[in-house]
Amino acid sequence: MRQKLAITGNEAMAYAMKQINPDVVAAYPITPATEIVQIFSQYVADGEVDTEFVAVESEHSAMSATIGASAAGSRAMTATSSQGFALMWEMLYIASALRLPIVMPEVNRSLSAPINIHADHSDTMGARDSGWIQIYCENSQEAYDSLIQAVRIAEKCLLPIMVTIDGFIISHAMEVVETFDNKEVQDFIGKYKPAHPLLDVKNPITIGAIDFTDYYFEHKRSQIEAMNNVMPVILKIAGEFQKTFGRNYGLFEKYMLDDAETAIVVIGSTAGTAKAAVNNLRKQGKKVGLLKVRVFRPFPAKEISEALSKLKAVAILDRSAGINAYTAPLFTEISSALYTQGKNPKAVNYIYGLGGRDIFVKDIENVYKDLEKIAITGKVENLINYIGVRE
Amino acid sequence: MSDKDKKRQEGWKQLPTGGTILEGGTAKKYKTGDWRNSRPVWNKDKCINCLRCWVYCPDSAIILKEGKVAGIDLEHCKGCGICSEECPVKPEKAIKMVPEKQKTEDRGQKTEKSDS
């Protein structure tokens, strides 16, 4: 039976995990993702899932155990955030290069130092080239729906996938989420049939073997191609999801974008705030729009640059700094995409919300005000701007 | 690597997913013996067949025949010297490590039966 539940982002993730009923979950607690596996471990203790739960001693071990379980042929999951995610680092690359379809909820949180437990995208943005598929969610419903789709995407592409929500803003905020029947979820994700499980002792294989100058490059090239093939799979599975469950998901969401003259590009929960700003400004007759990036890896470069091509000016909002890069991560991707696609709207970068600093509707309205000026003058005075930081 | 060898190697489209090797026991095909800079020289007359070398060898390079040491697989022995270290025979060990350079210089002057 489909039910509308008042639950938090973490509860929505845990509930989806319960319905996915993975064979193995290995995890270690970290704020603000702790609840996901804490709630899930209760499902295990209550016999509501068939999962083998491995309480490990660190996130490095959590990802290592998940990799082992996935290579053995099981449907394996873990969940983490921030420092824990950072501790998984070397194993993230191993999971993707071994082509293991691990599914991981991740709660976006800033990285130390200084110590901070609140939302920004520094953690997963740092791993944007680790070979994982990345889906960022605006709210709990998206997180629930995306996690279910993620299982199919990962197993079809043989690539690991992380589905993220903003720490506290989504992970601990209660929203109404429409949940599906267990059987509906099971029917949608289907059975996992690994091609070469390590536990198939009649067909022994070796994984993770050494690769020197003779084969490493070829294996990396084939991994790149696997990622190149992901986008049509995401769209196909999103199409099936829509047919079954009604809600439609693309690589990104366009909000009032088609006739817009200026627009903002944003990731995660701030899209909701930005939609409120768009609504206010549209009421004043301003032609403003929004593009919310959902799939950041692989990056839909052609599709996004096409969607932004007719704008006079576009502001790209980053919730991570990309400290030693020229611009912040999302801006870097989009400006590179626009340049190579021969599209040339004026583009400007805003860094906001680091360490959970609030961003308000009026902050976003001010960005649109800046864009209006850029559209008229054709000049970007400051390429990189900061919202909400005290001077 | 010769051009002939290069032709035998697969391109990226031909390789199994994720670098998986789809058969067992392939370590045998990887000849690690040329990593060695000193080699174990086994003295059959001193050997007491305690098989400690066989137990400790990390590369399974001690060859046994009917439960007795029969030689050393120099195609896979990396020359770590553990066999010699663990050999309990006194006062002179039954396995001695000899630098490869010296071994080459001595070639033809000594008769070693340790080669497999």
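**Notes on a predicted two-chain model**

1. Start with two helices of chain A. The axes of helix α12 (residues 301-308) of chain A and helix α13 (residues 329-340) of chain A come within 9 Å of each other. They cross at roughly 80°. Crossings of 65 to 115 degrees count as roughly perpendicular, so α12(A) is roughly perpendicular to α13(A). Keep in mind that this is a predicted model.

2. Which residues make this contact? From α12(A) come A301(A), I304(A), S305(A) and L308(A). From α13(A) come I334(A), A337(A) and L338(A). By type, the residues of the contact split into 6 nonpolar and 1 polar. None is charged. Both a distance and an angle were quoted above for a reason: two packed helices are described by the angle between their axes and the distance between the axes.

3. Now step back to the whole of chain A. The chain is divided into domain 1 (3-244) and domain 2 (252-387). The C-alpha centres of these domains of chain A lie 28 Å apart. The two domains touch: domain 1 of chain A gives 27 residues to the contact, and domain 2 of chain A gives 25 residues.

4. Two cis peptide bonds deserve a look. One runs from A113(A) to P114(A), with omega near -5°. Find P114(A) in the loop between β6 (103-108) and α6 (122-126) of chain A. Another cis peptide bond joins R297(A) and P298(A), and its omega is about -5°. Where is P298(A)? This residue lies in the loop between β13 (295-297) and α12 of chain A. That is the helix α12 (residues 301-308) of point 1.

5. Next, check M256(A). Its phi is near 55°, a positive value in a residue other than glycine. M256(A) sits in the loop between β10 (252-255) and β11 (262-267) of chain A. Is M256(A) buried or exposed? With a relative accessible area of 38%, M256(A) is partly exposed. The value falls between the cut-offs of 20% and 50%.

6. Chain B has a residue to set beside it. L51(B) has a positive phi of about 70°, although L51(B) is not a glycine. Its place is in the loop between β1 (38-42) and α2 (52-56) of chain B. The relative accessible area of L51(B) is 17%, so this residue is buried. Buried means under 20%.

7. Back in chain A, look at K379(A). This lysine is in the loop between α14 (361-377) and β16 (384-387) of chain A. K379(A) is exposed, because its relative accessible area is 60% and the cut-off is over 50%. Which residue can be paired with K379(A) in space? Take K346(A): the two are 33 residues apart in sequence, but 7.6 Å apart from C-alpha to C-alpha.

8. Finally, chain B as a whole. How many helices and strands does it have? There are 4 helices and 4 strands in chain B. Trace the sequence and the order is α-β-α-β-β-α-β-α. Chain B has 116 residues, and 34% of them count as buried. Its exposed area is about 8,200 Å², with 49% supplied by carbon and sulfur atoms. Consider contacts in chain B between residues at least 6 apart in sequence: 66% of these join residues at least 24 apart.

Key. Residues numbered from 1 in each chain as written. Chains lettered and ligands numbered in written order. Predicted model: local features only at pLDDT ≥ 70, side-chain atom pairs only at ≥ 80, totals over all residues. Heavy atoms only, no water. Buried < 20%, exposed > 50% of the residue type's maximum accessible area, 1.4 Å probe, protein only. Contact = heavy atoms within 4.5 Å. Areas by Shrake-Rupley, 256 points an atom, 1.4 Å probe, with all protein chains shown as cover. Axes fitted to C-alpha atoms, helices over the stretch in contact; angles between N-to-C directions. Parallel < 35°, antiparallel > 145°, perpendicular 65-115°, else oblique. Nonpolar A, V, L, I, M, F, W, Y, C, P; charged D, E, K, R; others polar. Domains from an automatic or database assignment.
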